[in-house]
Amino acid sequence: MNKKSYHWDLALSNALSGANLSFFVSLTRNGIAYEQLFMLQVAAGALCFIPLALLSPHTYRLAWHDLKHIFFVALLVIYGWMFLLVWGASYTTPIDGAIIATLGPAFTLLADRLINRRVRLNAGRIVGICCAFAGAWLLVFDKGFVLVHGSRGFGNLLILFAVLATATNTVLIKPQLERLGAATIIGWYYFIGLVVTLPFFGHLIHPEELLRLPSTLFWELLYLLVLGTVGPMWLLYRGTERLTAVHTALYRYIQPLVAGTLGFVRHQTAFDRTNLAALALIFLGILGTVIGYRRSLKLLSESLAPRHFHQRRRWPKASRSDGPESAD
């Protein structure tokens, strides 16, 4: 398959995921607990992906070390990403959450550097990472260095940890993803997620209450479960399976653009001075990351290019005895 399609997978995945923050805010502010949303997301993913994993031949050839690795990363995805994201979104605004999400590329590049020592951080990437961290710092500690449970800063901090978790898991799972395929990996994610969440949150699933939701909230919930959870997960891991961690990182910048635009259009929040300062830092972060990525590609191509030594071929000088023998 043409690699261009995998680029589209990553782009569409992040565009669909970007709308989740706006719907998290509207659903939790209208009486749906964030724990219930989290459990419904896990249940929807399990319903779709566990059958795919059972049909995959790779499932029956899993080694024990693969299972241990998948189990650890599954906990990182389920509780580190999904749970913290919806928990944090219930306290903050879509624009704040969108700006925090721009740390995804920075965390992905850092995780890739720590896990894969061959990856280099050039000046452009370092500048981009520092700018992204500065923007997140402004949002988390905008009201001071004391974080109160349930405050906007506390919610931003939770989203920060969620972004760190999702950036790290895509790097950690890359070897198994290339060998076993997206269907096997995601299916095991949600099988493990269902096992570790049902005892604590299973009692929160009440289908009869969900069917009585106002039509607007019902369609938002349906989007969140299908197009906001199942679809993006499949597209993200399809793209990650074939492309590099740098591609996964760069496409994450689509999420805050979608989330911020949707939150602003739906009047869920307004831009303030902190948001504008953070956005300026984010723009510098994007610029530095892209320039650094292009620079690294150029250096890589130069290092792999064959060296041609154009040397003039020298023929040995003919001796007098090389010519035709003269007759005596």
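**View 1. Glutamate 220, with 6% relative accessibility, counts as buried, and its side chain meets that of arginine 266 in a salt bridge.** Buried stands here for under 20% relative accessible area, exposed for over 50% and partly exposed for what lies in between (1.4 Å probe, protein chains only). The model shown is predicted, so that local features need pLDDT of at least 70 and side-chain atom pairs count only at pLDDT 80 or more, whereas totals for chains, interfaces and linings use all residues. Residues are numbered from 1 along each chain as its sequence is written, and side-chain values use heavy atoms, with hydrogens and water left out. A salt bridge is a side-chain nitrogen of Lys or Arg within 4 Å of a carboxyl oxygen of Asp or Glu, and between glutamate 220 and arginine 266 the N to O distance is 2.3 Å. Because glutamate 220 belongs to helix H12 and arginine 266 to the loop between H14 and helix H15 (273–304), the pair ties together parts that are 46 residues apart in sequence. Helices are DSSP runs (H or I, at least four residues), numbered from the N terminus. Arginine 266, in contrast to its buried partner, is partly exposed, its relative accessible area being 28%.

**View 2. Aspartate 9 and arginine 238 form another of the four salt bridges that the structure holds.** Their side chains come to 2.9 Å, N to O, and the pair links distant parts of the chain, since aspartate 9 is in helix H1 and arginine 238 in helix H12, 229 residues apart. Aspartate 9 has 9% relative accessibility and therefore counts as buried.

**View 3. Arginine 179 and aspartate 66 join helix H9 to helix H4 through a salt bridge of 2.7 Å, N to O.** The two residues are 113 residues apart, with arginine 179 in helix H9 (residues 174–180) and aspartate 66 in helix H4. Aspartate 66 is buried, having a relative accessible area of 3%, whereas arginine 179, with 44%, is partly exposed. Helix H9 also holds proline 175, which at 43% relative accessibility counts as partly exposed. The C-alpha atom of proline 175 is 9.8 Å from that of aspartate 66, although 109 residues separate them along the chain.

**View 4. The largest cavity, one of two of 30 Å³ or more in the structure, has about 360 Å³ of space.** A cavity is a set of points on a 1 Å grid, over the protein atoms alone, where a 1.4 Å probe fits but cannot get out, and its lining residues have an atom within 4 Å of a point. Grid points are joined across faces, edges and corners, and the volume is the space filled by probe spheres set on the points. The lining of the largest cavity comprises 28 residues, of which Ser17, Asn20, Trp81, Leu85 and Gln255 are the closest to its centre. Helices that each supply at least two lining residues include H1 (3–18), H4 (64–89), H8 (152–172) and H14 (254–265), while H12 gives the largest share, five residues. By class, the lining has 15 nonpolar, twelve polar and one charged residues, with Ala, Val, Leu, Ile, Met, Phe, Trp, Tyr, Cys and Pro counted as nonpolar, Asp, Glu, Lys and Arg as charged, and the others, Gly among them, as polar.

**View 5. Helix H2 is largely enclosed by the rest of the structure, because nine of its nine residues are buried.** The buried residues of H2 run from Asn20 and Leu21 through Ser22, Phe23, Phe24, Val25, Ser26 and Leu27 to Thr28. Helix H2 (20–28) also supplies at least two residues of the lining of the largest cavity, and Asn20 is among the lining residues closest to the centre of that cavity.

**View 6. Helix H12 holds both methionine 233 and leucine 222.** Methionine 233 is buried, with a relative accessible area of 2%, and its C-alpha atom lies 8.9 Å from that of serine 17, although the two are 216 residues apart in sequence. Leucine 222 has 36% relative accessibility and so counts as partly exposed. Together with Trp219, Val226 and Leu227, Leu222 forms a nonpolar patch on the surface, whose accessible area adds up to about 390 Å². Patches take residues with over 30% relative accessible area and no salt bridge, nonpolar side chains (Val, Leu, Ile, Met, Phe, Trp, Tyr) being joined within 5 Å and like charges within 9 Å; areas come from the Shrake-Rupley method with a 1.4 Å probe, and for residues only the protein chains shown count as cover.

**View 7. Arginine 113 lies in helix H6 (residues 103–115).** Arginine 113 is partly exposed, with a relative accessible area of 28%. From C-alpha to C-alpha, arginine 113 and valine 171 are 9.7 Å apart in space and 58 residues apart in sequence.

Technical notes
1 Å grid on protein atoms, 1.4 Å probe; cavity = no way out; pocket = protein on both sides within 12 Å on 5 of 7 lines; lining within 4 Å.
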